[in-house]
Amino acid sequence: MTKGFSATTVKSWFQYRCERKVRYELSTKGELAGIPITKDEREQSWAILGERFEDDVVARLGREVLRPGRDEPVLPEALSAAFLAGRRSEPYAAKLNLLPGRPPDFLRDTGLSLNRNITDLIRREASGTTPGTSLLTVIDVKATRQATPFHKTQVAFYAKVLDEVLKEMGLTDVRVSEHGEIWRIADKETAQSGLHQAEIFALSPYRRLVDDFCANVLPGIAAKTLNRDIDETFFHIYFKCEQCDFLDHCRDEISTARPPSARDVSAVAGLSHEAKRLLTRNSVSSVADLARAEGLSRSAGLGWSLSRRANVLVARAKSLETGAILRTEDEHTYLMPPRVDSVLLLSVDHDPVDDRIACLGYSRVEKGLPVRHPKIKVPQTGSLAHERDVLIEVLGELIADLTQIDAHNRAVADGSLDADPIYAHIFLYEPSEAINIQGAIGRHLDSEAIRSGLLHLVRLFPPDDVVPEPEFRGMHHLPATALRSVFEQLYALPVSVAYDLRQVSQAIAGTAPFAYRPEPAFERPFSSLLSIDVIRALRENPGKSPGIATIQADARSRLNAMAGLITWLFERNREATVAGCALLRLAKRPFLFQTTFNPLDAVDLDLLLACEILENRSGLLEALVGLARPFRRRRDAGRCYANLRFDRDFQGPFQSKRMIFRIPKESQAADLSSSDMDLILHDDSPDLRLNPPLWGQIGCRIVQPGFELADDELCIEISSQVIRSQEYRALRDRVSENGWFIDKAFFDVNSQRAAAFISYLGS
């Protein structure tokens, strides 16, 4: 039987890159039922929203658009032909069914056929370059905030089929435009407004993608055997699958009811499509296979990315196999401080359709208990005004708490208060939540209340040396932590998705009360943030929505779960500290607002100086995060010579010393050279390599000694200042013969000079 497909299949491939989804979409309902494969036939809220937005956009065109009758799903064939031939006065036509009468040339010998392809809109206009010629532009209407590549490939496929239709009709004076258009939700407007913004793009690159797919990919997928006993399709389950109609069928492959040997390797968190393909080629297809793949990182043909992450993935597979919480190779993290007296928790839910905050929650926790009832607000509508009100109310309480903590710590510092200072820190679960709240603030900079509050928010990130404030030097000012990132760095958990608070908190807490256990309406397979179904129901059909009170209760449960996870991390850090290797290493001082730099009133030179210094600090923090990784990962990334063996030394120029080391085979691919000005010599002690003030005492440079070195030899030079330093002398006394390391740290020769020059100009 010929397998039929449409533009939706093309879009599906470029959106999901899933063989299985495409192969299932090429099958009839009867074929799927006979296997059996269950398809979710429920109409999704995002699909309903898309249809409604399209109807609103088309309705706004009024008499300019030729459209089907009230009970007609597509434009009748006669009207479609008349429009394409230029026998209609309307410049637009909606819902044309592009289906050539004969198989198109690009499907010849493939065994595939076309189903109907219904375009949202086609615009006809006179060609500006060729007199007497008409131009047809394919337009797709999407209830989205941005036109994605997979949207554009769908338009390119429509254009490809339209070429075939015009050829079949013999319309030589009509051609398809070289540009396509996506009409999406207008900036600063909601989906309900029906207002659109056109994104125009060149079709040629997307036509090439579609040509390659139809010629080289689709026939191979269609040829995959699919029956009750055999399913040859490749698949991978990850967060994008949440919107797939076949998710329930595929999730059975990673079900905890299966033994590890029969549980698909997709169950391992952090695995990509390509990584799974490479693992499959190396006979690793199940959780048990990966858990036993100890030497995976050294396997040939894995690729750099998978080789670098192999040990982490193996640890996660072991955790799934045993159900135990395991430590990763990372000994510590710079993403979280070891002490926080006042835990400030934020929960941010975002509506991607209206691009608004859907729910904002805040809670202050001290000694494991909320200081007061959490502040959780849901905007009444998707309007900017209601979003602004929620931001002011919830973030206002956060600022009030920080102001109180700031006043307390200043009183302690000046001696007017006899009390301990307060260490404060902000926590979210997902990094995306910080991005969404930043975007929300940016939408309201015309508001006086937001602008004044913004000053306080910016003061959480003091720009170190911008206006010299010695108490803010160093890395301690990093104000917020995304818990997901901490857990991913330090632990392998028996979960299939590390960014799902539900799975992570239940794995950590077990039956403890702080585990997040959502009500059925809020449970998602890959995330704990509010789903688009809940958000859109609240906006468009409140009668079918769980209700604002229930949404607030769900956000409160997530805040409680975050507080429990933070307490658990602090307990593990105390245990590790007693054992001599602390987990949490972000150094912070008692919280104080930055006071002397006002980013809203700053002159241009102040801002220039701020940018220069902040760029410097960003580079330093990035270097520290890299240096905190185990030496094997630093070595495999090419940033470290590990386990060097000291061979000999001799006098260098200007009272320096030169040292010859033997390089073990594993380190010979290191990407370090004589041009690197930021190298440090050490013994892999975290107290040394992770302490920037000490780097000047262990600095070195790779040099050519003036005679030929063997392939496994390396020559470095250390200055007379380093030779005399206390840290280097202590290092030389304690390091073993083959226990030397050279790492790429951080060196910025320009920032200090630029800062001094800008300060000079300002004076």
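**Exercise 1. Decide whether F631 is buried or exposed, and then characterise its aromatic partnership with F741.**

Solution. In this predicted model, F631 has a relative accessible area of 15%, and because buried means under 20%, F631 is classed as buried. The second step applies the same cut-off to F741, whose relative accessible area of 5% makes F741 buried as well. The third step turns to the aromatic pairs, of which a search of the whole structure finds 15. Between F5 and F157 there is a tilted pair, with 5.6 Å from centre to centre and 50 degrees between the planes. F631 and F741, for their part, form a pair with 5.4 Å between the ring centres and 70 degrees between the planes, an arrangement that counts as edge-to-face. Finally, the pair of F631 and F741 connects distant parts of the chain, since F631 belongs to helix α20 (residues 631–636) and F741 to strand β23 (residues 740–744), with their positions 110 residues apart.

**Exercise 2. Place F5 and F157 in the secondary structure, and state which residues form an aromatic cluster with them.**

Solution. F5 sits in strand β1 (residues 3–5) and F157 in helix α6 (residues 149–169), so that this pair joins parts of the chain 152 residues apart. Both F5 and F157 are buried. The cluster consists of F5, F106 and F157. As a last step one may add the charge that accompanies F106: K160 lies over the face of that ring, 4.6 Å from the ring centre. A comparable search turns up R327 over the face of Y491, at 5.6 Å from the ring centre.

**Exercise 3. Describe the surroundings of S363.**

Solution. The residue is first located in strand β12, which covers residues 356–366. Its relative accessible area is 3%, and S363 is therefore buried. Once the neighbours within four places in sequence are set aside, the contacts of S363 are V343, L344, L345, P370, P374 and L559.

**Exercise 4. For K188 and K367, give the sign of phi and the loop in which each lies.**

Solution. Phi of K188 is near 65 degrees, which is a positive value in a residue that is not glycine, and K188 is found in the loop between β8 (179–185) and β9 (196–202). With a relative accessible area of 67%, K188 is exposed. K367 likewise has a positive phi, near 55 degrees, without being glycine, and its place is in the loop between β12 and β13 (369–370). At 85% relative accessibility, K367 is exposed too. Another backbone feature is the cis peptide bond between I35 and P36, with omega about -5 degrees; P36 itself is in the loop between α3 (29–33) and α4 (45–61).

**Exercise 5. Assess whether the radius of gyration of the chain agrees with that of a compact globule, and summarise the overall organisation.**

Solution. For 763 residues a compact globule would have a radius of gyration near 27 Å, and the 31 Å of the chain agrees with this. Along the principal axes, the C-alpha trace spans about 90 × 65 × 60 Å. The chain contains 24 helices and 23 strands, and buried residues account for 52% of its 763 residues. Of the contacts between residues at least 6 apart in sequence, 70% join residues at least 24 apart. The accessible surface, finally, comes to about 35,200 Å², with 50% of that area belonging to carbon and sulfur atoms.

Terms used. Residues are numbered from 1 along each chain as its sequence is written. This is a predicted model: local features need pLDDT of at least 70, side-chain atom pairs count only at pLDDT 80 or more; totals for chains, interfaces and linings use all residues. Side-chain values use heavy atoms; hydrogens and water are left out. Rings of Phe, Tyr and Trp (its six-membered ring) pair if their centres lie within 6.5 Å; planes under 30 degrees apart count as stacked, over 60 as edge-to-face and the rest as tilted. Helices (H or I, at least four residues) and strands (E, at least two) are DSSP runs, numbered from the N terminus. Buried means under 20% relative accessible area, exposed over 50%, partly exposed in between (1.4 Å probe, protein chains only). A charge sits over a ring if NZ of Lys or CZ of Arg is within 6 Å of the ring centre and within 35 degrees of the ring normal. The radius of gyration is taken over C-alpha atoms; the globule rule is 2.2 Å times the number of residues to the power 0.38. Contact means heavy atoms within 4.5 Å. Accessible areas come from the Shrake-Rupley method with a 1.4 Å probe; for residues, only the protein chains shown count as cover.
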